[in-house]
Amino acid sequence: MMNVLAFLCLLELLLHALAQCTVSTSEFQLEGDYLMGGLFDIHHVITPVDHDRPEAIDCSSERLIPSSYRRFQLMRFSVEEINNSTNLLPNVSLGYEIFNHCSETHNFPGLLKMISVNGLIQPWSEPNKNLSKMSKVIAVVGPFSSTDTTVVAPLFMVDLIPLVSYGAASSAFSEKAKFPSFLRTVFSNKDVIEIIFNIIQHFNWRWVAFLRSDNDFGNDGLDMFIKRIEDTEICMAYTKGLNYKTNYTQMFKQIEEQRINIIIVFVPKLTAEALIMSAIQLNVTNKVWIAGDTWSLNKRLPKQEGIKNIGTVLGVSQPVVSIPGFSDFINSTKSQTHCENAEQNLFCNQVCKCSSLSAEEILALDPSYSFPVYAAVYAIAHALHNTLQCGADKCNGNITVHPHMVLAELKKLNFPLLNHSIEFHENGDPKFGSYSIVFWNNSGDAEEIGFFKVHPSVHFFINNSKIHWYTKGEVPTSLCSPECSVGYAKKQNGIHKCCFNCEICSNGTYINSTEDPYKCIHCKDTEWSAEGSTSCNLRSVEYIPFTDSGAILIMVGALALEGLTLAVSVVFAINYNTPIVRSAGGPMCFLILGCLSLCSLSVFFYFGKPTIYFCILRFLPFLLFYTVCLACFVVRSFQIVCIFKIAAKFPNLHSWWMKYNGQWLIITLAFVTQAVLLLIGYTYAPPRPYNETHWYPDKIILGCDIDLKASSTSVILLVFLCFLCFIFSYMGKDLPKNYNEAKAITFCLLLLILTWIIFATEYMLYQGKYIQILNALAVLSSLYCFLLWYFLPKCYIIIFQPNKNTQQHFQGLIQNYTKTISQ
């Protein structure tokens, strides 16, 4: 009896269990008036699968991605919520056909089923004829990755079936010529890279590594990053494409050898998990990891043992948007017990085998990309609402809906959804949303520390006080070379501009680190700088004004010269017929005195601010009229030698000289030659005002610049006359002691030569503003040489020793000299 009772109890329990086991409809399919496609990588192929025959892969046998399963359930929830709505699609049911897209190369049966009609794909052989035979799927949500999207998108682009991705971030999809019906509810890689760039700039990091996935997503991120850091001080010291074959030991060794402290990780979630776990196992320490939005909210990694040892983890993430009702939907779904035969009529890759996940586990998973899925479904629903011209209580059932019509409405959308305004750019990118900047704190949570808003304007913010660095307070540094001190320029060392030596900027140059830290910039001619300067200062301008005491003394000396030449001329004019005046040159004396007086005019133009006229008159009178003076003395010297030495031996030459007035021919020839040379030289390159900036680093000395090529012939003529005069006068050094014309000329020439040697030496040693006074003094000394040592001694004899200014005295001297020569 007891056995019978026990059997009846067990039978009751079994019947009760069978009653609780319900054969539910598939999670992958839902019938409706209009179908929405879905592609979710609920499972993922870790390693490439090689086949020797064409066949689709069984996704349910691959590795489960719980966070993708969560997003898959979110699409189901969104459709159910829309169907329960009374105002979005009234009297219209929305269904879905979802596929587990675990491989980009072996998942085509599901894709082909979406675009087929009764198992056949109808080509558009004639426009507008086969529209009725198009697939019942009006739009597709997904896929998640950029690589998967690149593979599947062409199948949908041909028929302009909207493909609204919730995760494909490659910038290539913004090209509407290639992807006309592609839209997405996430920002492109360009925006994510912009945030990462701002983080790096914010903390002044310069030496970084960029680890990427070895696929379209990672390569696109790398391209965006390289473009963004162009013309900045950030250098990508190392980059690596990660895949299942990556040798992490070798990779981290290379990073360590290059002293890289900042590592950007732009990879999918699974790759990031493998990377971080390897870093923990290999004891990689003291790094800052910048996570992309694909794994910054990872729930498993922050709680791993040893995660604190790898350093500090910052990340870019989408803000976590709480979706009302989703948790109730998951709890309701997971509370049912499904029978084994629930999946018997499913199509390829519409089997999940996810019953092991509890509702609590699903809700605790990484919430990344949840709102993009929710927004994608609602965007399609609103586009369908507009296509069907839905009102408050019904839609227009007479409208035949085609995917391209839904696409047109998608592009025009603008509706509110959970405090966001859902709208798309012309290129299909979203106009809504923002990013959070997170930090993995000691509790194992991704704590929000900042944000980056794109719309309506760009706004970037980080709260530094919330970050607990592995350095115990200070922000870590990452530099190939330490920054140069102020006043030093960077000299690049190697291929990276971040690796450099520091060289101090020399005098006359400065460094502007914000404009170009690699170049010392030369100051303008009107500016100066000391060694190691960061800016230039205006030079002080210096010249000799007329009020300068030295200039006044020189001008007084020139005026005194004028007075003395006038006095000597008067004395010589009164005593014109005396032997002294005639032996000094007679009428030639007045020419010499007049030229000396005219030469003194040059002195006055050495003072004041130089102009082109001042520069011309500074040299022209002296060069022209001093040439006449030297020519006169050349003739006088030659006549002295000729009278006493050449006349006896060459009487014909002497008679020719006297007959044709050879002395005046020589003087005239010298004057005309010098005048022509000056005219040609000053026409070609006249003296011009010149700013001397090399002698003093902080001053500008105003002077006059002489073109050596243009003026050299004039100076050579003067030197030649001086040399010729010295030869002739030196030949007459043994003339009578009291008849000392030649000796006086020789002495004057020696003083003249000495004066200009002294000036040339001073000019080479000193080129300050007082060089103008020295130059004027040299000119004045040249004039005084002949006035004081040639004319004044004769005036002395005329005034104070008239007994020596007689014909008898001169004849006696000549007779005594002749006797001496004959003996």
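Modeller: Buried means under 20% relative accessible area, exposed over 50% and partly exposed in between, with a 1.4 Å probe and protein chains only. This is a predicted model, in which local features need pLDDT of at least 70 and side-chain atom pairs pLDDT 80 or more, while totals for chains, interfaces and linings use all residues. Residues are numbered from 1 along each chain as its sequence is written, and side-chain values use heavy atoms, without hydrogens and water.

Biologist: What percentage of the residues in the protein chain is buried?

Modeller: The protein chain has 823 residues. Its secondary structure comes to 22 helices and 27 strands, taken as DSSP runs numbered from the N terminus (helices H or I, at least four residues; strands E, at least two). The buried share of the residues is 50%.

Biologist: Are helices H5 and H6 parallel, perpendicular or oblique to each other?

Modeller: H5 covers residues 189-202 and H6 residues 216-228; their axes are 9 Å apart at an angle of about 50 degrees. Axes are lines fitted to C-alpha atoms, for helices over the stretch in contact, and angles run from 0 to 180 degrees between N-to-C directions. Under 35 degrees counts as roughly parallel, over 145 as roughly antiparallel, 65 to 115 as roughly perpendicular and the rest as oblique. H5 and H6 are therefore oblique.

Biologist: How many residues of the contact of H5 with H6 are nonpolar?

Modeller: With contact meaning heavy atoms within 4.5 Å, H5 contributes Asn189, Lys190, Ile193, Glu194, Phe197 and Ile200, and H6 contributes Phe217, Asp220, Gly221, Met224, Phe225 and Arg228. Ala, Val, Leu, Ile, Met, Phe, Trp, Tyr, Cys and Pro count as nonpolar, Asp, Glu, Lys and Arg as charged, and the others, Gly among them, as polar. Two residues are polar and four charged, and the nonpolar ones number six.

Biologist: What span should H5 have at 1.5 Å a residue?

Modeller: The expected span is 1.5 Å times one less than the number of residues. H5 has 14 residues and its end C-alpha atoms are 20 Å apart, which agrees with the expected span of 20 Å.

Biologist: Which residue just after H5 takes a positive phi?

Modeller: The residue is in the loop between H5 and strand E9 (207-213). Its phi is near 60 degrees, in a residue other than glycine. At 43% relative accessibility, the residue counts as partly exposed. It is Asn204.

Biologist: Which residue is joined to Gly142 by a cis peptide bond?

Modeller: Omega is about -10 degrees at this bond. The residue sits in the loop between strand E6 (137-141) and helix H4 (146-157). It is Pro143.
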